[in-house]
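Colleague: I should like to learn how charged side chains are to be read in a model. May we take one structure as the case?

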Amino acid sequence: MAPPAPSKSSWFRTFHPRPQAGFTLVCLPYAGGSASAFFSLSRRLPADVEVLAAQYPGRQDRLREPCLETVPDLARGAFDELGALVAGRPFALFGHSLGGAVAFELARLLERGGPAAPCALFVSGRRAPSVEGDRGVRFRDDEGLVDELRELEGTDSRVLDEPELLRLVLPTLRADYGAAETHRTGTDAVVAGPVVALAGDRDPHVGLDEVEAWRGHTTGAFEMKVFPGGHFFLTDHESEIAALVTDTLHATLRPGSVAG
C-alpha cells in the first residue's frame, strides 16, 4: 500500500515518521492542549501506525495565530489539510475531551466530502454531543480557570505556578473551553463508521452514562471501554489504549469484521 505523499502542514505534526506504516492515527487534543500531548502515544504505537497530531491555532509554534472558538471551525481547519496527508492509507481519528468533539465533526466532514472516511473514531473523555454539559468554565476569572486545571490534573504544575507561562496559556484555554462547552448537536447527528468511546470511571465531569450516549451517534458498531482514573486516565493507561487502537485498526482489515 503506497504511503501518503510528503506534505507540509500547519495543522499536523508527525513526531515519529513511519512512511511504510499501514495505518494513520489522527489525534486531536483537549482544551489547552497541543500536538505534543500525543508524543508519548505516538512513540508507543507499533511501526505500522503513524500518528498525525493536530496543532490548533493559538499555541506553541502557532501562538501568534488567533484561536478558533467553535468546534466546527476547528474541524474545518483540520479537514482542509488532512486529505492530502491520509490519502492512500487507512486512517482513524482519536480525540480526547474537546478533541473528541472535534474528531466527531471532522469524521462527519470526511464522510460527506473527504477523499475517504475514517475506519474508526475514538472519542475519549467526552460526553456525547447531544448531552448537555455546559458548566460555564469559560466565564470564570483566571484563578477559577487555574482551579479547573488543578482539579483535572492534566496540566504540568510548573505551568500553573509560573505567572508568565499562565499569561500565555489562559487566553487559549478560555477559547478552547468556549468551543468545548458550547458544542451541541441533535440526536440525529451521526457518523456511519464504528465508534469506540473511552472513559475514566472517576472522571468528575463526564459521567459513564454520558459517554454511553455516543452509541446513538453512529449507525455503525459501538464499543465502550472504561478505565480506572479521572479525566486524564490516558496518562496512566497509555499502553492499554495503544493496544486497543492497534487491535481496532487491524480488525478493520479483516473480512466481515467490525469494532465492538
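Modeller: We may begin with one pair in this predicted model. The side chains of Asp-134 and Arg-138 form a salt bridge, with 2.8 Å from N to O.

Colleague: What is the general idea behind such a contact?

Modeller: Side chains of opposite charge can pair when their charged atoms come close. In this structure there are 17 salt bridges.

Colleague: Is Arg-138 buried or exposed?

Modeller: Arg-138 counts as buried because its relative accessibility is 16%, and buried means under 20%. Asp-134, at a relative accessible area of 33%, is partly exposed.

Colleague: How should the pair of Lys-225 and Glu-223 be read?

Modeller: Their side chains meet in a salt bridge of 3.3 Å, N to O. Lys-225 is partly exposed at 32% relative accessibility, whereas Glu-223 is buried at 19%. As to networks, salt bridges with shared partners join Asp-134, Arg-138 and Glu-181 into one.

Colleague: Which residue forms a salt bridge with Arg-127?

Modeller: The partner is Glu-210, and the closest N and O atoms are 3.6 Å apart. This pair links distant parts of the chain, 83 residues apart: Arg-127 lies in the loop between β5 and α4, and Glu-210 in helix α7. Both residues are buried.

Colleague: Where do negative charges gather in a patch?

Modeller: On the surface, where Asp-141, Glu-143, Asp-147 and Glu-151 form the patch. Asp-147 belongs to helix α4, residues 142-152, and is partly exposed, with a relative accessible area of 43%.

Definitions and conventions. Residues are numbered from 1 along each chain as its sequence is written. This is a predicted model: local features need pLDDT of at least 70, side-chain atom pairs count only at pLDDT 80 or more; totals for chains, interfaces and linings use all residues. Side-chain values use heavy atoms; hydrogens and water are left out. Patches are made of residues with over 30% relative accessible area and no salt bridge: like charges are joined within 9 Å, nonpolar side chains (Val, Leu, Ile, Met, Phe, Trp, Tyr) within 5 Å. Accessible areas come from the Shrake-Rupley method with a 1.4 Å probe; for residues, only the protein chains shown count as cover. A salt bridge is a side-chain nitrogen of Lys or Arg within 4 Å of a carboxyl oxygen of Asp or Glu. Lys and Arg count as positive and Asp and Glu as negative; His and the chain ends are not counted. The place of a charge is taken as NZ of Lys, CZ of Arg, CG of Asp or CD of Glu. Helices (H or I, at least four residues) and strands (E, at least two) are DSSP runs, numbered from the N terminus. Buried means under 20% relative accessible area, exposed over 50%, partly exposed in between (1.4 Å probe, protein chains only).
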